[in-house]
Amino acid sequence: MSRLDINIRRLKAQRACLNAAARAVQDMPGLALELGLGNGRTFDHLREILPAREIFVFDREVAAHPDCIPDDAHMILGRFQETLPRAAERFAGQAALVHADFGSAKPDRDAALAAFIAEFLPILLRPGGLVAADRDVRFAKAEPVPLPDGVEPGVYFMYRRAP
């Protein structure tokens, strides 16, 4: 499979998982967290599918399209290792949805970062809250969520925080 086809498959899976997650939490109070702004595509999509939900975005730096940058109050800058511990205190039990898109071409780095992020998910998520991620961030109290039709296992991951 070409790199282009791999990217298209991942983006289709990402959209399908985000749309399914948004439907699943539509009646659940709470905020959304976007771990990884990148160029802002998924943040922009989250604003569209969760129009009434407050969304906080985390990244090391802002490199997104100007139309896809959250305001200063909702943009949390710094490495996840610095920002997630503070976010866990600030947002404990408030997230209905966490989207984590941090993968790279470095499997060892990604696995270490996934394990780090996974430590904070049961703290950030409210009971029943969902996480969708491009890497396996299985966490304590995680219940696997069936992937939407057409999403191949291992391309994207979804978990619900058990009560």
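Q: Which residue meets the side chain of Arg-9 in a salt bridge?
A: In this predicted model, local features need a pLDDT of at least 70 and side-chain atom pairs count only at pLDDT 80 or more, whereas totals for chains, interfaces and linings use all residues. Residues are numbered from 1 along each chain as its sequence is written, and side-chain values use heavy atoms, with hydrogens and water left out. A salt bridge is a side-chain nitrogen of Lys or Arg within 4 Å of a carboxyl oxygen of Asp or Glu. At 3.5 Å, N to O, the partner of Arg-9 is Glu-152.

Q: How many residues apart are Glu-152 and Arg-9, the pair that links distant parts of the chain?
A: Helices (H or I, at least four residues) and strands (E, at least two) are DSSP runs, numbered from the N terminus. Arg-9 belongs to helix H1, while Glu-152 is placed in the loop between strand S6 (142–144) and strand S7 (157–161). Their separation along the chain is 143 residues.

Q: Is Glu-152 buried, partly exposed or exposed?
A: Buried means under 20% relative accessible area, exposed over 50%, and partly exposed in between, with a 1.4 Å probe and protein chains only. The partner Arg-9 has a relative accessible area of 30% and is partly exposed. With a relative accessible area of 41%, Glu-152 is also classed as partly exposed.

Q: Which residue forms a salt bridge with Asp-44, and at what distance between the closest N and O atoms?
A: Asp-44 has a relative accessible area of 34%, which makes it partly exposed. Three residues away in helix H2, and therefore separated by about one helical turn, is Arg-47, itself partly exposed at 31% relative accessibility. The partner of Asp-44 is thus Arg-47, at 2.7 Å.

Q: Which residues do salt bridges that share partners join into one network?
A: Asp-134 forms a salt bridge with Arg-135, their closest N and O atoms being 3.8 Å apart. Asp-134 is buried, with a relative accessible area of 4%, whereas Arg-135 is partly exposed at 24%. Through shared partners, the network joins Arg-109, Asp-110, Asp-134 and Arg-135.

Q: Which residues is Asp-134 in contact with, leaving aside its neighbours within four places in sequence?
A: Contact means heavy atoms within 4.5 Å. Asp-134 occupies the loop between strand S5 (125–133) and S6, and its C-alpha atom is 22 Å from that of Glu-54, 80 residues away along the chain. Its contacts are Ala-100, Asp-101, Phe-102, Gly-103, Val-155, Tyr-156 and Phe-157.

Q: Which residues of helix H2 are buried, and what arc do they cover around the axis?
A: Helix H2 spans residues 41–49, and its buried residues are Thr-42, Phe-43, His-45 and Leu-46. The arc is that of the directions from the helix axis to the C-beta atoms. These residues lie on the same side of H2 because their arc is only 160°.

Q: What covers the buried residues of H2?
A: Thr-42, in helix H2, is buried at 8% relative accessibility. Not counting residues up to four places away in sequence, Thr-42 touches Gln-14, Leu-18, Glu-34, His-99 and Asp-101. For the buried residues of H2, the cover includes helix H1 (3–24), strand S1 (31–35), strand S2 (55–59) and strand S4 (95–100).

Q: Which residues make a nonpolar surface patch of about 230 Å²?
A: Patches are made of residues with over 30% relative accessible area and no salt bridge, joining like charges within 9 Å and nonpolar side chains (Val, Leu, Ile, Met, Phe, Trp, Tyr) within 5 Å. Ile-69 lies in the loop between S2 and strand S3 (75–77) and is partly exposed, with a relative accessible area of 32%. The patch is made by Val-62, Ile-69 and Leu-77.

Q: What radius of gyration does the protein have?
A: The radius of gyration is taken over C-alpha atoms, and the globule rule is 2.2 Å times the number of residues to the power 0.38. The C-alpha atoms fill a box of roughly 40 × 35 × 30 Å along the principal axes. For 163 residues, a compact globule would be near 15 Å, which agrees with the value for the protein, 15 Å.

Q: In what order do the elements of the protein run from the N terminus on?
A: The protein has four helices and seven strands. Among contacts with a separation of 6 or more, 61% are between residues 24 or more positions apart. The order is α-β-α-β-β-α-β-α-β-β-β.

Key
Areas by Shrake-Rupley, 256 points an atom, 1.4 Å probe, with all protein chains shown as cover.
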